[in-house]
Amino acid sequence: MPRTAVRSGVIYVPDSEVTLELPPGEYTSFAARGCEWSSSKIALKLERDVPLRVEHTLRRELDTQGFMAADTHLHTLQFS
C-alpha cells in the first residue's frame, strides 16, 4: 500500500526519509511532527539533473512527561 498522499501543490510523506522526483523549479519543504515538536521550513531551488538532499531537524519543545498525547481527528477516506 502506498504511504504517500499527493494533492495539488502538496505531497504528504509519513516517513523520516523519502525520495521524490520533481520538475525543476522553486519549492518549499516543510516538516512537522505535531504540537510537541518544532517545525522546519526550507526554501529549495531544483535544477534539472542535479540531485538535492534536504534535511530537516525537529526539536522536542514541550515536555509531556506524565501526560498522554493524541491526535483524535479522523478521516473517512484513505489519505484524505
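1. Exposed means over 50% relative accessible area. Glu-55 meets that description, and Arg-53 does too. The model discussed here is predicted, and every value below is computed from it.

2. Glu-55 and Arg-53 also pair up. They form a salt bridge in which the closest N and O atoms are 2.9 Å apart. Arg-53 belongs to the segment after β4. Its relative accessibility is 62%, so Arg-53 counts as exposed. Along the chain, Arg-53 and Thr-19 are 34 residues apart; their C-alpha atoms are separated by 9.1 Å.

3. How many salt bridges does the structure hold? There are 3 salt bridges in the structure. Side chains of opposite charge can pair when their charged atoms come close. Besides the pair in point 2, Arg-59 and Glu-61 meet through their side chains, at 2.8 Å from N to O.

4. Arg-60 and Glu-36 make a salt bridge as well, with the closest N and O atoms 2.3 Å apart. This pair links distant parts of the chain: Arg-60 sits in the segment after β4 and Glu-36 in the loop between β3 and β4, with their positions 24 residues apart. Are the two partners buried or partly exposed? Glu-36 has a relative accessible area of 13%, which is under the 20% limit, so Glu-36 is buried. Arg-60 reaches 48%, between the two limits, and therefore counts as partly exposed.

5. Asp-49 deserves a look at the backbone. Asp-49 has a positive phi of about 60°, although it is not a glycine. Asp-49 is in the segment after β4. With a relative accessible area of 77%, over the 50% limit, Asp-49 is therefore exposed.

6. Which residues make the nonpolar surface patch? Val-6, Ile-11, Val-13, Val-18, Leu-20 and Leu-22 do, and the patch covers about 450 Å². Two of these residues can be placed on strands. Val-6 lies in strand β1, residues 5–7, and Ile-11 in strand β2, residues 10–12.

7. The accessibility of these two patch residues can be set out in turn. Val-6 stands at 56%, over the 50% limit, so Val-6 counts as exposed. Ile-11 stands at 34%, between 20% and 50%, so Ile-11 counts as partly exposed. Val-6 and Ser-29 are 23 residues apart along the chain, and their C-alpha atoms are separated by 14 Å.

8. Next, the largest pocket. It holds about 1700 Å³ of space. The lining has 39 residues, and those closest to the centre of the pocket are Val-13, Val-18, Leu-20, Ser-29 and His-56. Val-13, Val-18 and Leu-20 are also named in the nonpolar surface patch. Rolling a probe the size of a water molecule over the atoms shows where empty space is left.

9. Which strand gives the most to the lining of the largest pocket? β3 does, with 5 residues. Strands β2, β3 (25–31) and β4 (40–46) each supply at least two residues of that lining.

10. What is the make-up of the lining of the largest pocket by class? The lining has 22 nonpolar residues, 7 polar residues and 10 charged residues.

Key: Residues are numbered from 1 along each chain as its sequence is written. This is a predicted model: local features need pLDDT of at least 70, side-chain atom pairs count only at pLDDT 80 or more; totals for chains, interfaces and linings use all residues. Side-chain values use heavy atoms; hydrogens and water are left out. Patches are made of residues with over 30% relative accessible area and no salt bridge: like charges are joined within 9 Å, nonpolar side chains (Val, Leu, Ile, Met, Phe, Trp, Tyr) within 5 Å. Accessible areas come from the Shrake-Rupley method with a 1.4 Å probe; for residues, only the protein chains shown count as cover. A salt bridge is a side-chain nitrogen of Lys or Arg within 4 Å of a carboxyl oxygen of Asp or Glu. Helices (H or I, at least four residues) and strands (E, at least two) are DSSP runs, numbered from the N terminus. Buried means under 20% relative accessible area, exposed over 50%, partly exposed in between (1.4 Å probe, protein chains only). On a 1 Å grid over the protein atoms alone, a cavity is a set of points where a 1.4 Å probe fits but cannot get out, and a pocket is an open set with protein on both sides within 12 Å along at least five of seven lines; lining residues have an atom within 4 Å of a point. Grid points are joined across faces, edges and corners, and a volume is the space filled by probe spheres set on the points. Ala, Val, Leu, Ile, Met, Phe, Trp, Tyr, Cys and Pro count as nonpolar, Asp, Glu, Lys and Arg as charged, and the others, Gly among them, as polar.
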